[in-house]
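Colleague: I am new to this structure and would love a close look at one part of it. Could you take me through the sheet at the start of the chain, and then show me how the rest is arranged around it?

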Amino acid sequence: MITVKHLTKRYGSHLAVDDISFTVQDGEIVGFLGPNGAGKSTTMNMLTGYISSSSGEALINETDILDNPIRAKRDIGYLPELPPLYQEMTVMRYLHFVYDLKKCKLPRKAHLTEICNLCKIADVKDRIIKNLSKGYRQRVGLAQALVGNPPILILDEPTVGLDPNQMLEMRTLIKRLGKRHTVILSSHILSEIQAVCDRVIIINKGKIVADGAIDTLAQSMSQNHRLKVRLDGNVAEVLQTFRAIEGVAKVQQSAQQESGLYDYELEPIGNADLRKAVNAAAQANGWNIYRMESGMLTLEDIFLKVTMGEWQAEQKSSVSAAAVKKSAESAEMTATIDDKPETTEEEAK
């Protein structure tokens, strides 16, 4: 549905978006993340045709947003961080205005009623927008993005300023919309992204630094696959049992954390998942597990790692170490060949 090829945006000497490329498939809900000033809003503004790119392409359903903006924008519903509301209008008058502006062909009354019910604004449809709460104004902003039933929704901070209950309602609504629309969602609330999105794209300093499913990114970036378990039971028996589990390289026991409870850290062989085996061992021995956590990275860990440059540094270090190892092996092989005694004339015969 969305194809971005070498998209770049310059403001004078400042490079806001630096040669990024990615695709979004039909029906995906993609989280678009980055620190302030990373280029998120600039990218979203280019995707919607609100601003032009300096170079590169943004294709909306195979239509270039710059070559044929009217055709491309028919497929986009856009909710900017500050919803584009006319404060003096009533909610329904505003939605009628947006309907006309978009030259919508769907049955007017039925379509707008459906949107009001979906966004839960039917009870305020006759009120003036400026008199609404921030949460209701945000919902009205989402409602205007849905007018015309566009296949693509681009939502920039849709839950900003909402209370916890309203955030939960908005999150549920976005999940429902994801069944009928392709969604790009930008937010600084990482728990929201983790709960809603199939995949995340993280941008930093104008460049894409991570792109993939959260679990896949966590697995590829995590250097620690250890499992930490807190349970009761005799320490010696627990250690003996855990060390006998297939796939366990090492088990360490820490000091008593609570009365009769100890923490154990299990290091797997490779990336083995030990949770099922540990749970089975605890059940078989009548031990109660009070805590179990994996060393896999959370979305917050991933975000901090890639935006602070730690992962890139680790990757470079890993590549450098591999190069040094390869060079050493090559030198050792050369030395072995050089040290080999020369073949005598008789041996050659």
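**The first sheet and its surroundings**

Modeller: Happy to! Strands β1 (residues 2-11) and β2 (residues 14-24) are antiparallel partners, with seven bridges between them. Please keep in mind that this is a predicted model. One facing pair you can look for is Arg10 and Leu15, the latter in β2. The two strands make a hairpin with two residues between them, and Gly12 in the turn has a positive phi of about 65°.

Stay with β2 for a moment, as this strand also holds Asp19. The phi of Asp19 is near 55°, a positive value in a residue other than glycine. Asp19 counts as partly exposed, because its relative accessibility is 41%.

Now turn to the other partner of β1. Strand β4 (residues 55-60) runs antiparallel to β1, and five bridges join the two. Here Lys5 stands opposite Glu57 in β4. Put together, these strands belong to an open sheet of four, in the order β2-β1-β4-β5, with antiparallel pairing. The edge places go to β2 and β5 (63-64); each has a single partner strand, so one side of each is left without a neighbour in the sheet. As a general point, strands of a sheet pair through backbone hydrogen bonds, either parallel or antiparallel.

Between β1 and β4 in the numbering you will come across helix α1 (residues 40-47), and seven of its eight residues are buried, so this helix is largely enclosed by the rest of the structure. The buried residues of α1 are Lys40, Thr42, Thr43, Met44, Asn45, Met46 and Leu47. Just after α1 comes Gly49, with a positive phi of about 80°.

What about the nonpolar cores? In general, nonpolar side chains in soluble globular proteins tend to be buried together. The largest nonpolar core here has 52 residues, and Leu95, Ile121 and Leu142 are those with the most contacts inside it. Helix α3 (residues 91-101) gives the most to this core, with six residues. A second, separate core has 24 residues, including Ile2, Val4, Ile20 and Met44. Those names lead back to where we began: Ile2 and Val4 lie within the range of β1, and Ile20 within that of β2, while Met44 is one of the buried residues of α1.

Leu95 deserves a visit too. Leaving aside its neighbours within four places in sequence, Leu95 is in contact with Leu112, Cys116, Ile121, Ala143, Gln144 and Val147.

Cys116 brings us to the cysteines. The structure holds zero disulfides. Cys119 is in no disulfide, and the nearest cysteine sulfur, that of Cys116, is 7.7 Å away. Cys119 counts as buried, because its relative accessibility is 2%. Cys104 is also buried, at 13% relative accessibility.

Further along the chain, look for the loop between β9 (199-204) and β10 (207-212), where Lys205 sits. Lys205 is not a glycine, yet its phi is positive, at about 55°. With a relative accessibility of 70%, Lys205 counts as exposed.

There is another open sheet of four strands to find, in the order β12-β13-β11-β14, again with antiparallel pairing. Here β12 (248-258) and β14 (289-294) stand at the edges; each has a single partner strand, so one side of each has no neighbour in the sheet. From one strand to the next, the twist averages 15°. Inside this sheet, β11 (residues 227-231) and β13 (residues 261-268) pair in the antiparallel sense over five bridges. Leu231 stands opposite Tyr262 in β13. Helix α10 (residues 275-285) packs on the sheet, touching β11, β13 and β14, and its direction makes about 170° with that of β14.

Finally, step back to the whole protein. Its secondary structure comes to 13 helices and 14 strands. Of its 349 residues, 42% count as buried. The accessible surface comes to about 19,200 Å², and 49% of this belongs to carbon and sulfur atoms. Among contacts between residues at least 6 apart in sequence, 67% join residues at least 24 apart.

Definitions and conventions. Residues numbered from 1 in each chain as written. Heavy atoms only, no water. Buried < 20%, exposed > 50% of the residue type's maximum accessible area, 1.4 Å probe, protein only. Contact = heavy atoms within 4.5 Å. Areas by Shrake-Rupley, 256 points an atom, 1.4 Å probe, with all protein chains shown as cover. Pairing = 2+ DSSP bridges. Axes fitted to C-alpha atoms, helices over the stretch in contact; angles between N-to-C directions. Disulfide = S-S within 2.5 Å. Core = buried A, V, L, I, M, F, W, Y, C linked by side-chain atoms within 4.5 Å.
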